[in-house]
Amino acid sequence: MAYFRELPGFSGPFFPPRGGTFREGEAVMPSTRKLTTKSGKTFYEIRVRLSRKRSELTTRWYPPKGWSERSIQRELARQAADFERRCRAGEVFSRAERIAREEAAAKEITVRKFGEEVFMPTKTVTCSENTRYTFQRLLRKHVYPVIGDCMLRDVTGAQISALLLDYQSTGAKHSSCLRVYGVLQLLFKMAYLNDTLDKNPMDKVTRPRPRKDEGKSNEVESFTIDELRHIMACLEFEPLKWQALVRLMIDTGVRRGEVCGLQWGDLNLRENTVTISRTLNYTSDRGVFVSTTKNGQGRVVDIDPSVAALLRRYRSELKKRPAPEDFLFTRDGSTEPLNPIATNRYMRHFGDKYGVENMHPHKLRHTFASIALTNGADVVSISKILGHSDTSITLRVYAHSDAESRKRASNVFRDAVRDKKPKK
């Protein structure tokens, strides 16, 4: 090389900028120095500074064993020249520049890409399979078709509001609109908290309200006592399996998946109790699978002696005595557990057959809680039976009364007023 000079602490040549000579005060590039690792292995660090304002760019070159000093210096010069060329071509970046580019690239991401590569993988770890499936379905069906190809940082509150309003205008239920709103809240909040977004567009989106023609009822849908007695009378004409399943749901208020997840070992027919410790779920991609209960805790629930007797009859009707780990309710002609969705189909058919309006599993759960509460049961006990993680959930869902209890409350007031006689 035509120009080089050695500085204290460095070994190897310093090369001036191409096409020029070294001048005092001018940035020198590239430079090399001989170093060793903690294990004693020798390497050369090559540095290039393209301008005074930019950080130095560095790389390492490890000389092969057995090379002479002359061969090492010749190859080091070639490595240094090649590294300088790549730096000038923009192929090499400093650590600070790489971080800045990565941060910029992270912000150049579409809603769909962020949802599929960041949001959903996180929710897969932290949420139940049912919740994950619901989020995925809402995003793919209602969010991605509208704003999926938009850059995440470019989405505005007005766009999101328009998305929700358009979905509501199709006749979607208020509860469905709230689910879409909820998943958008979670997605954009995650993007804001991990610094992908500088601001959250959901801060300018109003929570959807019911349509004027929809009307929102504060009442939880449930059967009256007379309707429930009619259902139990009609059940006597149904197969024993369905008699046992529906009576269990009526008597305990268990969820659809919980009753399908019961195994024979969960029953104590001497004490007339049943242990709820698992649930069956279904999604189209996984099929039927076992999961924990909604609050992640098991519970023991009392059952009526008549229900216990019905379960004994059902067990004796089976061709062979089931093992404790066998499921109570299975598919016809199989030992596979009953798909929870099958209970919905059966109850819809049952309602059509016997004139029971809007018959479905969760309505039986609401009925159990409503009748128990309006007839004096304490909310703490009902919360434990239902498997709520907190009594506030029970109060929020079932803090209502039926027509009979409202009338009774009004009469208590009137009776109290009538008993008060004016003083003479």
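This report describes the helices, one strand pair, the aromatic pairs and two backbone outliers of a predicted model.

**Overall composition**

The protein chain contains 15 helices and eight strands, and of its 424 residues 38% count as buried. Among the contacts in the protein chain with a separation of 6 or more, 58% are made by residues 24 or more positions apart. The surface that the protein chain exposes amounts to about 25600 Å², and 50% of this area is supplied by carbon and sulfur atoms.

**Helices α6 and α8**

Helix α6 covers residues 174–193, a run of 20 residues, and the distance from its first C-alpha to its last is 28 Å, close to the 28 Å expected at 1.5 Å a residue. Its buried residues are H174, S176, C177, V180, Y181, V183, L184, L187, F188, M190 and A191. The cover over these buried residues includes three other helices, namely α3 (111–126), α4 (129–147) and α5 (157–169).

Helix α8, made of the 13 residues 240–252, should span 18 Å at 1.5 Å a residue, and its end C-alpha atoms are indeed 18 Å apart, so the two values agree. This helix is mostly covered, with twelve of its 13 residues buried. The buried set is made up of L240, K241, W242, Q243, A244, L245, V246, R247, L248, M249, I250 and T252, and it therefore takes in the charged-type names K241 and R247 as well as W242.

After each of these helices comes a residue with a positive phi: α6 is followed by D195, with phi near 70 degrees, and α8 is followed by G253, with phi likewise near 70 degrees.

**Strands β6 and β7**

Strand β6, residues 279–283, is mostly covered, since four of its five residues are buried. Five bridges join it to strand β7 (residues 287–291), and the two strands run antiparallel. The connection between β6 and β7 is a hairpin of three residues, and within the pairing Y282 stands opposite V288 in β7.

**Aromatic pairs and charges over rings**

The structure holds nine aromatic pairs. In one of them, the rings of F119 and F135 have their centres 6.1 Å apart and their planes at 40 degrees, so the pair is tilted. This pair links distant parts of the chain, with F119 in helix α3 and F135 in helix α4, 16 residues apart, and both F119 and F135 are buried. A further tilted pair is formed by F350 and Y354, with 4.7 Å from centre to centre and 45 degrees between the planes. Here both residues lie in helix α11 (residues 340–354), four residues apart, which is about one turn of the helix. F350 counts as buried because its relative accessibility is 0%, and Y354 is buried with a relative accessible area of 19%. Ring pairs also link F350 and Y354 with W242 and Y346 into a cluster, and W242 is one of the buried residues of α8.

Two basic side chains lie over the faces of aromatic rings, as the table shows.

| Residue over the face | Ring | Distance from the ring centre |
|---|---|---|
| K41 | Y62 | 5.0 Å |
| R286 | F289 | 4.1 Å |

**Positive phi outside glycine**

Most residues other than glycine have a negative phi. Two residues that are not glycine depart from this pattern in the model. D195 has a positive phi of about 70 degrees, and N272 has a positive phi of about 55 degrees. D195 is found in the loop between α6 and α7 (225–235), whereas N272 lies in the loop between β4 (267–268) and β5 (273–276). Their surroundings can be contrasted as well: D195 is exposed, with a relative accessible area of 57%, while N272 counts as buried at 18% relative accessibility.

Notes. Residues are numbered from 1 along each chain as its sequence is written. This is a predicted model: local features need pLDDT of at least 70, side-chain atom pairs count only at pLDDT 80 or more; totals for chains, interfaces and linings use all residues. Side-chain values use heavy atoms; hydrogens and water are left out. The expected span of a helix is 1.5 Å times one less than its number of residues. Buried means under 20% relative accessible area, exposed over 50%, partly exposed in between (1.4 Å probe, protein chains only). Contact means heavy atoms within 4.5 Å. Two strands pair if DSSP finds at least two bridges between them. Rings of Phe, Tyr and Trp (its six-membered ring) pair if their centres lie within 6.5 Å; planes under 30 degrees apart count as stacked, over 60 as edge-to-face and the rest as tilted. A charge sits over a ring if NZ of Lys or CZ of Arg is within 6 Å of the ring centre and within 35 degrees of the ring normal. Accessible areas come from the Shrake-Rupley method with a 1.4 Å probe; for residues, only the protein chains shown count as cover.
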